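Here is a set of short exercises to work through with the structure open beside you. Try each task before you read its solution.

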Amino acid sequence: MAEKQFKAESKRLLELMINSIYSQREVFLRELISNASDAIDKIYYKALTDDSIQFNPADYYIKIEADKDNRTLKVIDTGIGMTKEELESNLGVIAKSGSLSFKNENEMKDGHDIIGQFGVGFYAAFMVADAVTVITKAHGGDEAFKWESQGTDGYTIEPHEKAEAGTEIYIKLKENSEDEDYDQYLDEQRLQSIVKKYSDFIRYPIKMDVTKSKPKDDDSDEYVDYVEEETINSMVPIWKKNKSELTDEDYETFYKEQHFGHDKPLKHAHLQVDGTIRYNAILFIPETMPFDYYTQEYEKGLQLYSNGVLIMEKCADLLPDHFSFVKGMVDSEDLSLNISREMLQHDRQLQLIAKNINKKVKQQLEQLLKNDREKYETFYDSFGRQLKFGVYSDFGANKETLQDLLMFYSSTEKKLVTLDEYVSRMKDDQPYIYYAAGESRDRIEKLPQTELVADKGYEILYFTDEVDEFAITMMMNYKGKEFRSVSSGDLGIDLDEENQQADEAADANKALFDEMKSILSDKVKEVRVSKRLKSHPVCLTTDGDISLEMEKTLNMMPN
Ligand code: ADP
Ligand code: MG
């Protein structure tokens, strides 16, 4: 029997977790139940879509067993189980998906809400266990295996006997200590309340043997104890519950439970639509950006359920690219379970749902902007760029949806402002919405080109993101007002006096300019007198419609 070591980072995290004083050790149960539920989802889906698999809904459940004599807690499921290879790859490395790309060491050292932030799942068991044993048999396989670990030392895997497919997890509880009473995790009532708190809406029955008492006989005062198996969760999925019964915390728990993110969602929307298409949906706007958000790896999509059964983890067709940060789920009775990815794309029901979701998300963001500016800015800080990409892509087709959600830093307000706010402040004689593009606010502030516009008392929007100018160019105008770069040749500002002075200066210094041009040679096209500079001696400009910043970006793009 070979001893295997955990991967290095797993080991470190395990140590931190086991040794940290984690305030809510009880969440280990939520993690194990959630895994059991995921495993049943997988087999349930397979059975429903594959006629060759015998299927009886009563066969799918989770069971919790407390053995006080041996101080062992068991979590049993009849899910899909694991092969030997799956045991290795799923339980040998923590957070293989990369959720463990933690930002800084200090966050880890506190051991502060590690589960919440990194979703270490299965390993949470070690917060309460001296040893964890997993006995599992994969569906359709004929061998079962036993995985065992006492924490950081590594784990062993060996063949084992198990009749049915599924997984059993044995938690050998730690001895009670000064900071924690581990016996509580053997107490029926305590276990029931933990399940109620975190796992009530799990769609499969979570069963437990519950001790009850009854009169010994019909007219006796004497009571006897007996044990009865009970289902302790209500099994109604959160999205089918009445909105008025749910608290913000319920939605946050669901968000975590479904692995939508390690942050707290900024906002949620619960849709219960009962029209021509019937569906329930819960949508979340996350607070922080997933680490891979602006990369090719990031996959957008909402969970798709057909009448309570998960049929797709990430249905991309439900979300437009500009709202790809939205997390959540859609459940519809009107969708077929067997629907294929290709068919989904052309499914009219789904298209209508997607359209409605686009509208809803827009509304949610507008509400956030209106009612909670600070939260909106947090959101914008993470996902604002995506909105701007959205304006730019599809030739501006999403302009109407997105334009009121954009924000840019303002020269006069010294904060992010919306285009609507800008336009409402425009002076009577101001012809354009002015912007200046540059690497940073500081750099833009020092741009000589801003002087003339600022001198007139006009507000300037600072474009520090490469996409800004592209998005605005695609938009063309906002509420009938055109955008104009402060570097543009035509600022729409009356320059008669400046023109005359410039002509005079040009004549008087012709020799100097010729000399400068000959020294700079083909590095510049022309050296001439500026009509816009106030206190700066010199500035660079471009001739065409493209600004210097845009030109830089374009030059950086691969051909
Ligand atoms: P996550 O649930 O986020 O994937 P976990 O650490 O909770 O992370 O679990 C790791 C993996 O181990 C799961 O993705 C799953 O493949 C496997 N696993 C854990 N528990 C079970 C179980 N009861 N049945 C089948 N597979 C399981
Ligand atoms: Mg899990």
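**Exercise 1. Find the residue in strand 14 that stands opposite Asn 280, then describe the sheet around this pair.**

Solution. Start at Asn 280 and look across to strand 14: the residue opposite is Asp 331. Keep in mind that you are looking at a predicted model. Next, widen the view to the two strands. Strand 11 (residues 278–285) and strand 14 (residues 327–332) run antiparallel and are joined by six bridges. Now step back to the sheet, which is open and has five strands in the order 10-11-14-12-13, with mixed pairing. Strand 10 (267–274) and strand 13 are at the edges; each has a single partner strand, so one side of each has no neighbour in the sheet. Going from one strand to the next, the twist averages 15°.

**Exercise 2. Work out how strand 12 and strand 13 are connected, and how many residues lie between them.**

Solution. Begin with the pairing: strand 12 (residues 302–306) and strand 13 (residues 309–315) are antiparallel, with four bridges between them. One pair to locate is Ser 306, which faces Val 309 in strand 13. Then follow the chain through the turn. The two strands make a hairpin with two residues between them, and Asn 307 in that turn has a positive phi of about 45°.

**Exercise 3. Describe how helix 10 and helix 15 cross: are they parallel, perpendicular or oblique?**

Solution. Two packed helices are described by the angle between their axes and the distance between those axes. For helix 10 (residues 373–392) and helix 15 (residues 466–475), the axes come within 8 Å and cross at roughly 40°. The two helices are therefore oblique to each other. The crossing itself is left-handed. To see the contact, display Arg 385, Lys 388, Phe 389, Val 391 and Tyr 392 of helix 10 together with Val 467, Asp 468, Phe 470, Ala 471, Met 474 and Met 475 of helix 15. Sorted by class, this contact has eight nonpolar, three charged and no polar residues.

**Exercise 4. Which strands does helix 15 touch where it packs on the sheet?**

Solution. First lay out the sheet: it is open, with six strands in the order 16-15-18-17-20-19 and mixed pairing. Its edges are strand 16 (416–418) and strand 19 (477–478), each with a single partner strand, so one side of each is left without a neighbour in the sheet. Inside it, strand 17 (residues 433–437) pairs with strand 20 (residues 481–485) in the parallel sense over three bridges. In strand 20, Phe 483 is the bridge partner of Ile 433. Helix 15 packs on this sheet and touches strand 17, strand 18 (460–463), strand 19 and strand 20, its direction making about 150° with that of strand 17.

**Exercise 5. Identify the element that gives the most residues to the shell around ligand 1, then find a helix that packs against that element.**

Solution. The shell around ligand 1 has 17 residues, the closest being Asn 35, Ala 39, Asn 90, Gly 121 and Phe 122. Helix 2 (27–49) and helix 3 (84–91) are the elements that give two or more residues. Helix 2 gives the most, with five. By class, the shell has six nonpolar, eight polar and three charged residues. Now turn to the packing: helix 2 meets helix 6 (residues 188–199) at about 65°, with their axes 9 Å apart. Their crossing is right-handed.

Definitions and conventions: Residues are numbered from 1 along each chain as its sequence is written. Chains are lettered from A and ligands numbered from 1 in the order in which they are written. This is a predicted model: local features need pLDDT of at least 70, side-chain atom pairs count only at pLDDT 80 or more; totals for chains, interfaces and linings use all residues. A residue is near a molecule or strand if its C-beta atom, placed from the backbone, lies within 6 Å of it. Ala, Val, Leu, Ile, Met, Phe, Trp, Tyr, Cys and Pro count as nonpolar, Asp, Glu, Lys and Arg as charged, and the others, Gly among them, as polar. Two strands pair if DSSP finds at least two bridges between them. Axes are lines fitted to C-alpha atoms, for helices over the stretch in contact, and angles run from 0 to 180 degrees between N-to-C directions. Angles under 35 degrees count as roughly parallel, over 145 as roughly antiparallel, 65 to 115 as roughly perpendicular and the rest as oblique. A crossing is left-handed if the near helix is turned anticlockwise from the far one by less than a right angle, and right-handed if clockwise. Two residues are in contact if their C-beta atoms, placed from the backbone, lie within 7 Å.
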